[in-house]
Amino acid sequence: MKVKVISRSTDEFTRERSQDLQRVFRNFDPSIRTQEKATEYVRALNAAKLEKIFARPFIGAMDGHIDAVSCMAKNPNHLKGIFSGSMDGDIRLWDIATRRTVCKFPGHQGAVKGLAASTDGRILVSCGTDSIVRLWNVPSSSTMESNDSSEKSVQPLEEYVWKNAFWAVDHQWDGDRFATAGAGVQIWNHNKSAPEKTFEWGTDTVISVRFNPGEPNILATTASDRSIVLYDLRMSSEITKLIMRTRNNSIAWNPMEPINFTAANEDCNCYSYDARKLNEAKCVHKDHVSAVMDIDYSPTGREFVTGSYDRTVRIFPYNGGHSREIYHTKRMQRVFCVKFSCDATYVISGSDDTNLRLWKAKASEQLGVLLPREQKRHDYNEAVKNRYKHLPEVKRIVRHRHLPKPIFKAAALRRTMIEAERRKEERRKVHSAPGSITTKPLRKRRIIKVEE
Amino acid sequence: MFLCFMFMSKKVKMGVKAENGTLTKIVPPLEQQLSEEIDLKVKKYLRGEGANLEILQDKKLKGQLSVREELYGRSAKQAAKTEKWLMPSEGGYLEAEGIEKTWRIRQEDIAREVDISSSRNQFDITLPNLGPYTMDFTSSGRYMTFGGKKGHLAIVDMKNMNLVKEFQVRETVRDVVFLHNELFFAAAQKKYPYIYNRDGTELHCLKEHGAVSRLQFLKNHFLLASLNKSGQLHYQDVTMGEMVGNYKTGVGRTDVMKVNPFNGVVALGHSGGTVSMWKPTSSAPLLKILCHRGPVSALAFHPNGHLMATAGKEKKIKLWDLRKLDSELQNLPGHANTLDFSQKGLLARGTGSSVQVLGDFSGAQNYSRYMNHSMVKGYQIGKVLFRPYEDVLAIGHSMGWSSILIPGSGEPNFDSWVANPFETSKQRSEKEVRSLLDKLPPETIMLDPTKIGTLRPAKKKEKPTKQEREDEMEAAIESAKDMDFKRKTKGRNKPSKKVKKRQELVAKAKRPFLGQNTKEEELLARKKQKTSEEVELPVSLQRFAKKKAAT
């Protein structure tokens with residue numbers, strides 16, 4: 001007879017001293033964990049609810065301007081700094097961590113319309129309705145760190161006067177050129193008081209300009225004649241012009257796929273295009289209920305943030321038709337400019353109510369240094385939520401966003417209008433000779449023509 | 001550890017040989033055996049078959065799912081490989097040598113062979129005044145509560161054989177059950193069930209349940225299920241006190257009740273020989289199975305949830321596969337007042353004063369006797385219960401309770417996060433919070449709990465094609481033609497009559513197919529007519545067409 005029975009000595013399974021860690025034994029056999037799937041589902045539900053509870057995206061407002069914030073610029077070389085310009089000619093450098101003004105750049109008469117920093121973060125270019133381009137020396141990061149509460153002011157390095165008012169400026173990536181937009185597009189150099197080149201295609205005002213982050217000699221502009229124009233500086237010529245039904249207020253290149261850009265349109269939508277194929281949008285991003293004023297890509301290239309005239313900020317996935325997140329507060333008015341922070345964790349918006357607002361890019365993210373256990377728990381919650389995201393209860397909780405009443409109503413109205421239009425189109429089609437009316441997809445419908 | 005080392009050294013040697021080029025393709029038997037073993041383990045962790053991706057049209061989804069499936073496969077393999085280090089203890093066993101038979105081996109023989117700490121698990125507690133006794137273990141097997149029919153309640157720490165608390169309620173106690181941990185237990189008493197804490201303080205009197213004969217606790221759902229004397233099934237949520245379900249079984253009173261641990265379904269055995277299964281969200285039973293010709297006397301579920309054992313008063317014990325209920329798997333002769341499955345799948349049955357343990361040694365769910373144990377003559381066994389994570393069977397009988405060793409019955413490796421026999425009070429309170437967070441809603445109780453989060457397959461009635469129908473008809477005609485007639489008396493067996501009869505038969509065989517045909521053809525014809533009428537009108541005018549026809 002051979003016999004063995006389970007026998008456990010207490011010493012083997014418990015700790016020796018009270019200072020030791022408790023001993024842990026694992027057995028991953030599925031049969032000792034009954035109803036695994038149900039448990040996972042309950043955990044997914046709880047994770048979705050917790051996410052909703054912890055969704056507190058608003059971090060704080062940066063108060064200081066005395067008129068609406070019209071433009072902002074990131075400092076590519078310094079994570080904490082952000083420049084903002086307002087309608088009364090005030091330019092400020094903010095420290096995001098302490099949410100204080102670090103220094104001021106006085107000089108502009110009238111509104112500041114464009115701000116851009118050079119890639120090394122030393123030079124700030126500003127322009128405005130007073131027809132002057134100003135170059136500023138950005139104070140070193142050590143002065144930003146200094147803890148004195150007094151605001152410094154800086155004198156401009158250069159002042160270049162031009163013939164017409166400016167609407168926007170952007171700095172080339174890793175070079176010393178910058179482009180201004182106004183009556184036409186001007187390409188400037190840091191050292192010359194007159195533009196190197198000027199472009200004019202059409203007679204209308206150019207309202208925004210953005211250099212391509214991948215190829216520093218390509219830039220895209222939008223103009224009030226409803227066009228998007230691509231320029232190439234190497235050949236000093238225009239490449240393509242795309243005319244849409246409504247004008248684009250702003251444009252942003254995808255930093256990770258620099259052939260693609262997204263334009264913020266007056267018709268409440270954003271349109272993502274492939275620069276090589278402009279006769280069709282890659283994706284239409286719908287959700288805003290009023291004109292989209294500004295757009296900025298996350299450095300990861302996976303999502304972008306938009307600010308709209310409907311007083312909300314939304315975050316879209318780069319390939320998704322609807323927004324992932326909507327941010328609003330009672331006090332935030334029309335949003336004129338938005339920026340993603342350089343580490344993709346924060347979103348900054350500047351609005352009509354003279355404030356800059358700082359938001360988290362992921363509404364329920366836990367800030368600060370996480371313990372490995374906390375990180376693991378967050379990862380697990382994310383995984384189970386992702387696994388059960390199609391179940392109705394989880395989906396409902398994850399998707400739900402509280403909207404201010406005017407926006408909710410406007411969205412409902414927009415839906416009704418779009419539906420009515422669609423129905424009308426359908427009926428028109430039914431009552432006409434077969435094939436005489438064709439419906440274009442929305443990706444093409446808003447495009448009038450493409451000129452080479 | 002030694003085995004592991006040997007395995008490693010073998011591997012190293014193999015590597016050398018392969019380099020020399022002498023042995024490149026031949027897999028040595030040991031390695032092959034090892035890989036087979038790992039495959040078996042992987043199967044356990046895979047939790048069933050993967051999805052069939054071949055039928056998917058959506059390429060993107062297919063890609064995503066195949067990546068997911070690959071990940072599952074890899075993690076299962078990883079789990080199987082790490083088992084060796086994570087699960088150090090091996091299970092118990094009892095092997096006969098020579099002409100010995102395992103069922104002839106007595107407890108005294110086992111006691112002589114095993115170590116002292118294990119042999120302490122063999123004892124009889126004689127409590128002649130307040131019996132018969134019933135008992136329950138916590139999920140870790142550390143604590144036991146027992147109740148004597150005449151009102152004797154106690155909690156025992158089984159690890160160091162400590163009596164935690166003992167008290168008298170001075171009325172009938174029919175059943176005791178632990179709630180989620182050893183701090184609380186419920187006792188079904190004369191008029192109502194009560195909830196006590198470990199110190200014997202009465203916390204609740206559950207008057208709504210009435211005079212309860214059996215209690216069960218669903219620990220994933222925190223539900224206390226009870227069956228009272230008028231055959232009413234109650235489910236009460238013990239966290240919030242809400243009565244989740246209250247159903248009349250309508251089949252009379254019974255005291256056979258067990259929870260299937262796999263899915264939380266409560267099974268009741270009735271005096272008519274049926275077993276019914278219940279969930280707290282429906283007033284009708286999920287299932288009714290006619291198991292026995294006589295009353296059902298006992299019931300037990302295998303921990304994997306697919307096997308059910310029932311015992312009838314007509315001296316039959318039957319094993320059922322719950323996934324395929326049309327007939328029983330096995331039919332064993334014998335009485336059983338009480339049945340219980342161990343964690344490793346041994347089945348204990350108690351009758352009169354003897355206990356028999358059956359085991360499945362062929363691996364094909366074919367139970368045969370494994371061990372026998374007889375108590376003192378005259379003892380009436382009321383309940384047998386395996387102690388989780390130990391090779392111990394507890395027996396409650398009319399003269400107290402006993403504990404015997406059944407090697408190979410318990411799971412040798414416990415998981416600290418699931419059930420820990422060496423739990424400290426801090427760990428216990430942490431686990432309580434965690435399990436409360438993971439408390440399942442009562443809706444998750446269903447026959448197949450793996451269905452959660454899956455899609456219901458689309459119902460598609462497949463119609464036979466015309467060709468198939470014709471073939472079928474032809475086959476039917478052929479069979480009718482080939483049919484032999486009975487030889488009849490003279491005069492009634494004329495060839496003309498035979499031909500007529502055969503024609504009739506052929507016509508009869510044809511009839512169902514013909515009817516079908518015409519119906520469908522008619523429908524088709526009607527459709528065709530309709531469409532030809534409508535084609536003449538432009539689309540926009542179609543809505544006026546019917547009106548015209550009416551006028």
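A residue counts as buried if 20 or more other C-beta atoms lie within 10 Å of its own, as exposed if 12 or fewer do, and as partly exposed in between, with C-beta atoms placed from the backbone. This is a predicted model, in which local features need pLDDT of at least 70 and side-chain atom pairs count only at pLDDT 80 or more, while totals for chains, interfaces and linings use all residues. Residues are numbered from 1 along each chain as its sequence is written, and chains are lettered from A and ligands numbered from 1 in the order in which they are written.

**View 1. Helix α7 of chain B lies largely in the open.** Helices (H or I, at least four residues) and strands (E, at least two) are DSSP runs, numbered from the N terminus. Of the 17 residues of α7(B), 0 are buried, so this helix lies largely in the open. Its residues 466-482 should span 24 Å at 1.5 Å a residue, and the end C-alpha atoms are 24 Å apart, which agrees. The expected span of a helix is 1.5 Å times one less than its number of residues.

**View 2. Helix α6 of chain A is hardly covered.** Among the 26 residues of α6(A), the count of buried residues is 0. For this helix, residues 405-430, the expected span is 38 Å, and the end C-alpha atoms are 37 Å apart, which agrees. As you follow the helix, remember that an α-helix has 3.6 residues a turn, so residues three or four places apart point the same way.

**View 3. Chain A meets chain B.** Here 35 residues of chain A are in contact with 55 residues of chain B; two residues are in contact if their C-beta atoms, placed from the backbone, lie within 7 Å. On the chain A side, the elements giving two or more residues are β1 (2-4), α1 (10-13) and α2 (36-53). Of these, α2(A) gives the most, with 7 residues. By class, this side of chain A has 16 nonpolar, 12 polar and 7 charged residues. Ala, Val, Leu, Ile, Met, Phe, Trp, Tyr, Cys and Pro count as nonpolar, Asp, Glu, Lys and Arg as charged, and the others, Gly among them, as polar.

**View 4. Strands from the two chains pair up.** β1(A) and β1 of chain B (residues 93-95) run antiparallel and are joined by 3 bridges. Two strands pair if DSSP finds at least two bridges between them. Look for K2(A), which stands opposite E95(B) in β1(B).

**View 5. Two loops of chain A hold residues with positive phi.** R311(A), in the loop between β25 (303-308) and β26 (313-317), has a phi of about 70° although it is not a glycine. R311(A) is buried, with 22 other C-beta atoms within 10 Å. A344(A), in the loop between β28 (335-340) and β29 (346-351), is likewise not a glycine and has a positive phi of about 65°. A344(A) is partly exposed, with 16 other C-beta atoms within 10 Å.

**View 6. A cis peptide bond sits in chain B.** The bond joins G131(B) and P132(B), with omega about -15°. P132(B) is found in the loop between β2 (123-126) and β3 (133-137) of chain B.

**View 7. An annotated repeat in chain B.** UniProt, in an unreviewed entry, places the feature "repeat: WD" at residues 289-330 of chain B. In the model, the end C-alpha atoms of residues 289-330 lie 15 Å apart, and the span is 0% helix and 50% strand.

Definitions and conventions
UniProt positions are given in the numbering used here, feature names are shortened, and annotations may be inferred rather than shown by experiment.
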